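Visitor: Could you take me closely through the site where the ligand is held, and then set that site within the chain around it?

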Amino acid sequence: MPRRGKNLHGDEFIRSKTNDELVKFIQTGRPAWDPANTRGVDMPPRGGDPTLSDQDIHNIVAYLRTLQ
Ligand code: HEM
């Protein structure tokens with residue numbers, strides 16, 4: 001999404017994290033004030049969808065692995 005998320009194909013951040021770390025990251029997001037944030041734009045917790053279950057997020061992480 002232009003100016004929103006990042007391109008998650010071949011993403012170094014994803015490659016550098018374990019599945020559990022990625023699940024935690026998606027649950028938490030990365031607010032604009034976080035020093036780790038690179039764009040000054042919020043990555044919302046659970047990708048902005050509070051209805052996503054932890055199992056959904058594990059499935060998303062499995063999908064993200066297929067993009068690397
Ligand atoms: C389930 C859906 C989503 C997943 C799995 C997801 C995953 C990720 C991941 C893995 C990163 C880190 C990439 C990196 O640092 O290299 C990221 C960053 C980011 N995401 Fe998401 N995202 C989701 C939804 C969203 C949505 C809906 C938005 C905006 C409304 C968003 C905005 C952002 C932004 C702005 C960043 C970059 C933060 C920064 O500048 O450091 N994401 N996302």
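Guide:
**The ligand site**

The iron atom of the ligand has one single donor from the protein, the SD atom of Met43, at 2.0 Å, where donors are N, O and S atoms within 2.8 Å of the metal (3.2 Å for Na, K and Ca), and water is not among the atoms, so sites may look incomplete. This is a predicted model, in which local features need pLDDT of at least 70 and side-chain atom pairs count only at pLDDT 80 or more, while totals for chains, interfaces and linings use all residues. Residues are numbered from 1 along each chain as its sequence is written, and side-chain values use heavy atoms, with hydrogens and water left out.

Met43 itself is placed in the loop between helix H2 (19-28) and helix H3 (54-66), helices being DSSP runs of H or I with at least four residues and strands runs of E with at least two, numbered from the N terminus. Met43 is also one of the residues that come nearest to the ligand, together with Arg4, Asp11, Arg30 and Arg39, out of 19 around the ligand; a residue counts as near if one of its heavy atoms lies within 4 Å. That shell divides into 9 nonpolar, 4 polar and 6 charged residues.

Turning to the oxygen atoms of the ligand, a polar side-chain atom of Asp11 lies 2.7 Å from one, the side chain of Asn37 brings an N or O atom to 3.0 Å from a ligand oxygen, and for Lys6 the corresponding distance is 3.5 Å.

As for the chain as a whole, the protein has 3 helices and 0 strands, and the pattern along the sequence reads α-α-α. Its C-alpha atoms fill a box of roughly 30 × 25 × 20 Å along the principal axes.

Notes:
Polar contact = N/O pair within 3.5 Å; in protein donor to acceptor, adjacent residues only side chain to side chain. Nonpolar A, V, L, I, M, F, W, Y, C, P; charged D, E, K, R; others polar.
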